[in-house]
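Hi everyone, thanks for making time this morning. Let me put a chain and its ligand up on the screen, and then we can walk through them together.

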Amino acid sequence: MSPSFKDKGGLRGVALVFALILKSWSSFIMFQFKHYQPRPLEIIDTTLREGSQTSLLHDHYKYFFTQNDKIEIARDLITFGVKFLELFAPNVSPRERDDFAAIKATRDELIMQKGYTFLLAHVRCHPDDVAAAVEAGADGLNMYMGLSTAARTHSHGKDLASIVQQVRPLLEDIRKNYPHLILRFSGEDAFRTSEADLFRVYDEVIPFVDRIGTPDTVGVATPVSVAQRVKALRERYPKIDLEGHFHDDRGFSIINALEAVKSGMRYMDTTLLGVGDRSGITSMTALFYNLYIDKCYDHLEGYHLRGAYPINVMFASKLKKLVPSKEPVSLTNRTHTAGVHQKALLNSTSTYEAFPLDQFGVSESEVLLGPLSGWNIVHYFLKEIKYYNLDEATARQIATVFKERIYNLAQNDSPTQLLIDIAENEFGLTHMIIPERFKDNIVQVMDNVPQSDSGENGTRQGAVMLKR
Ligand code: HCA
Ligand code: CU
């Protein structure tokens, strides 16, 4: 006999109570940092904090990311496999407070699908910042204070003893009152701070924190100084995890991060396309690309590398730019204009491409069908790869139609052809006019190389040439 309507209501009630218990249980047990097993490399994405300080936003009079931008960026980072997002302290402005809540809601929506992502508030060693972050529901606090002579003289003006007097009791208090919070303390400008001065402060805070940050705030570090510093810190604090943050003033942000990771630094701050204050910091996809090339496969655990290029395109569109030519995971890195190269490429792509960019999503299928593909990818693909005239609004409409149809595609039909059919036949798109003599000058290799043939030394046959 089937249960009566009333019984069903009862069952629903039980299910609701069960769901509530599960929710509160999970927020206390499952999602606590102490139950999380950190991977060999944990990216702390700071696109929404450090990255928001990029002057590139000013180029288009945009100045800041909108809340929708931030939600999309956070969602795509979580989908990519990032588990730590650094955000501004919520008391920076009412807008940041709202955005914090919106990002948190996005994070919560993705828990069932992608697991938990920790939101870290970037806070000064000041009780107001701490209180605001706690109120906003941050999972952790990324605290910082300048320890270098420059910071002590020209910024906060405190000597090391006063810094310790301010920071230690604050951290002790937070640890006592909010034991679940993930705490990090950074000695800002660490690479212009002597080891003795760093140790003087770190020794005092170590009992209360989960990680120590060593930011290269002004970009003075070199691979040699990084390796030496990481070694010294690991020797003195063998049980504590280290976090790096390398600015690109000398163009060393990638090599320094790579060196640090290889020397045993588990946490690395990165941003999408490496944007940040001045020349920015390490680009996340550039770091993964180099770890892959250097066969540090452990460090790639849990990241969706094929989403690398699509996430770069998404983010570039937020800055109203193309993926920059100096970003290794870029289409530019697969674009050949030298005639001699083109002929050799037809025979084997390995002649002028040493590395497997297709594994990082610089491939036709990933760009169109990857998990992150949205209207901006469609816009980019049609405009930059296929050379159609179109604006963003049209790209949005085409993307909607494309997404509706793509799942009904017959097995042998190509998504590219479907997109082109929609673009040409239903939206009447036309090609940009390129002078005849330049038409064959550019070759982009957008093939998918079979898995077994993707090693750096493999001959990467079967390439499909894509001439614009
Ligand atoms: C800043 C400086 C910072 C902080 C890094 C950190 C730096 O913008 O506040 O908190 O570890 O480069 O030192 O980004
Ligand atoms: Cu910085």
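So, to begin: how many helices and strands does the secondary structure of the chain come to? The count is 18 helices and 11 strands. Please keep in mind that this is a predicted model. The chain has 468 residues, and 43% of them count as buried. If you take the contacts between residues at least 6 apart in sequence, 72% join residues at least 24 apart.

Now to the ligand. Which residues surround ligand 1? Going along the sequence, we have Glu50, His122, Asn142, Tyr144, Ser186, Glu188, Gly213, Pro215, Thr217, His245, His247 and Asp277. Three elements give two or more residues to this shell: strand S4 (140–146), strand S5 (182–188) and strand S6 (211–216). Sorted by class, the shell has 7 polar, 3 charged and 2 nonpolar residues.

I'd like to stay with one of these residues, Tyr144, which is found in strand S4. Is Tyr144 buried or exposed? Tyr144 has 20 C-beta neighbours inside 10 Å, so it counts as buried; the cut-off for buried is 20 or more.

And what is Tyr144 in contact with, once we leave aside its neighbours within four places in sequence? The answer is Ser186, Glu188 and Gly213, and those three also belong to the residues around ligand 1. Pro215 is another member of that shell. Tyr144 and Pro215 are 71 residues apart in sequence, while their C-alpha atoms are 9.5 Å apart in space.

That's my tour, folks. Thanks for listening!

Conventions: Residues are numbered from 1 along each chain as its sequence is written. Chains are lettered from A and ligands numbered from 1 in the order in which they are written. This is a predicted model: local features need pLDDT of at least 70, side-chain atom pairs count only at pLDDT 80 or more; totals for chains, interfaces and linings use all residues. A residue is near a molecule or strand if its C-beta atom, placed from the backbone, lies within 6 Å of it. Helices (H or I, at least four residues) and strands (E, at least two) are DSSP runs, numbered from the N terminus. Ala, Val, Leu, Ile, Met, Phe, Trp, Tyr, Cys and Pro count as nonpolar, Asp, Glu, Lys and Arg as charged, and the others, Gly among them, as polar. A residue is buried if 20 or more other C-beta atoms lie within 10 Å of its own, exposed if 12 or fewer, and partly exposed in between; C-beta atoms are placed from the backbone. Two residues are in contact if their C-beta atoms, placed from the backbone, lie within 7 Å.
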